[in-house]
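Welcome, and thanks for opening the viewer. Could you walk me through this structure, telling me what to select at each stop and what I will find there?

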Amino acid sequence: MLPVYYYVALSAILFIIGTLGVLIRRNAIVVFMSVELMLNAANLVFVAFARYYQAMEGQIFVFFVMTVAAAEVAVGLALIVAIFRTKQSINVDQINTLKG
Amino acid sequence: MTIQYILFFSLALIAVASAVGMLISRNAIYAALYLVLNFATVAVFFLLLQAPFIAIAQVSVYAGAIMVLFLFVIMLLGAEQVGPQQAIRWQRPVAAVLGVILLAELGYILLSQTGVLPGTSTEIAEAFGSPAAVGVNLFTAYLLPFEVTSVLLLVAIVGSIVLTRFGRTNGEEGK
């Protein structure tokens, strides 16, 4: 296995790209995809350290993170669809009031 | 050892390039497809790290189910592009500066920590990361979290059904 730093560095780069996506993009769905990218970067570190310490717990935790991500996507996309119905837009700049 | 380096850096290049592609592509469909590519490369990283079960779960759950859901919603709403207007003009440069600062901090921490952790042993237990090992762990030590996960998924299902139903009845009443 390569030094674990390589994986941590790659994961940090992916995480920062995800952060930039959340900050820069205006499309709510793309913002949401950037959040998925950040979760995935965290998963990569979990698996890298699970391999490094030869402990299964990291992989188990990645399994749970994936489940939470799936649940989050289901609810989040339902929310986006509901917002689109009332506002006719998913531009996050136009969704600045909670009351439609 | 060199083949490992070549493999890692080529895959890392694909992963970072596809993530940047997701970040800058104007069309949300292309962004979703770039993200699928990114998830697939991360699945290969999981294989390299002796986690075959997680790699398959990554491909089937992330690249399969989640991204298909994203694509469905993008096409359903016809929301490939939102207007180019940026409400806050200074948002983009500030975001870039903050990202660079975060990257510099992480790079500094990583570089200053190099050599603290001892190198990895190359030999590894035969069954490490196999689906059987994951299953044994999941159904003995982590049985309670596993069951709680099912409640979470049920809540997510009910929540998304309620959200979409509520919107529809409301809209009909409005008309």
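Start by selecting B:Gln50, which sits in the loop between α2 (28-48) and α3 (52-77) of chain B. This is a predicted model, so keep that in mind at each stop. Look at the backbone here: phi of B:Gln50 is positive, about 60°, although the residue is not a glycine. Most residues other than glycine have a negative phi. Is B:Gln50 buried, partly exposed or exposed? Its relative accessibility is 30%, so B:Gln50 counts as partly exposed.

Now move to chain A and select A:Gln54. You will find A:Gln54 in the loop between α2 and α3 of chain A. Here too phi is positive in a residue other than glycine, with a value near 50°. A:Gln54 has a relative accessibility of 30% and is counted as partly exposed.

Next, show both chains together and look at where they meet. How many residues of each chain are in contact with the other? On the chain A side there are 70, and they touch 87 residues of chain B. About 7,100 Å² is buried between chain A and chain B, and carbon and sulfur atoms give 76% of that area. To see which residues of chain A lose the most area to chain B, select A:Tyr5, A:Met33 and A:Arg51; together they make up 10% of what that side buries. Zero salt bridges are counted between the two chains, while nine residue pairs are in polar contact across the interface, with both residues at pLDDT 80 or more. Colour the helices of chain A next: α1 (4-24), α2 (28-53) and α3 (57-87) each supply at least two residues of the side that touches chain B. The largest share of that side, 23 residues, comes from α3(A).

For a closer look at the meeting of the chains, select A:Arg25, in the loop between α1 and α2 of chain A. With a relative accessible area of 10%, A:Arg25 is buried, because buried means under 20%. Which backbone oxygens of chain B does its side chain reach? One belongs to B:Leu23, at 3.0 Å, and another to B:Ser25, at 2.9 Å. Leaving aside neighbours within four places in sequence, the contacts of A:Arg25 include A:Leu20, A:Val92, B:Met22 and B:Arg26.

B:Met22 also leads to the next stop, A:Ser34, which is in contact with it as well as with A:Gly18, A:Gly21 and A:Val22, sequence neighbours within four places left aside. A:Ser34 lies in helix α2 of chain A, and its relative accessible area is 0%, so this residue is buried.

For a contrast, go to A:Thr86 in helix α3 of chain A. The relative accessible area of A:Thr86 is 59%, which means that this residue is exposed. A polar atom of its side chain lies 3.0 Å from the backbone oxygen of A:Ile83.

Finish on the surface. Select A:Leu23 along with B:Ile88, B:Trp90, B:Val94, B:Val97, B:Leu98 and B:Ile101, and you have a nonpolar patch of about 610 Å². Which helix gives the largest share of the patch? That is helix α4 (residues 91-113) of chain B, with four residues. B:Leu98 lies in this helix, α4 of chain B, and at 47% relative accessibility it counts as partly exposed.

Methods. Residues are numbered from 1 along each chain as its sequence is written. Chains are lettered from A and ligands numbered from 1 in the order in which they are written. Side-chain values use heavy atoms; hydrogens and water are left out. Patches are made of residues with over 30% relative accessible area and no salt bridge: like charges are joined within 9 Å, nonpolar side chains (Val, Leu, Ile, Met, Phe, Trp, Tyr) within 5 Å. Accessible areas come from the Shrake-Rupley method with a 1.4 Å probe; for residues, only the protein chains shown count as cover. A salt bridge is a side-chain nitrogen of Lys or Arg within 4 Å of a carboxyl oxygen of Asp or Glu. Buried means under 20% relative accessible area, exposed over 50%, partly exposed in between (1.4 Å probe, protein chains only). Contact means heavy atoms within 4.5 Å. Buried area is the accessible area (1.4 Å probe) that two parts lose on being put together, summed over both. A polar contact is a pair of N or O atoms within 3.5 Å; within protein, one must be able to donate a hydrogen and the other to accept it, and residues adjacent in sequence count only if both atoms are side-chain atoms.
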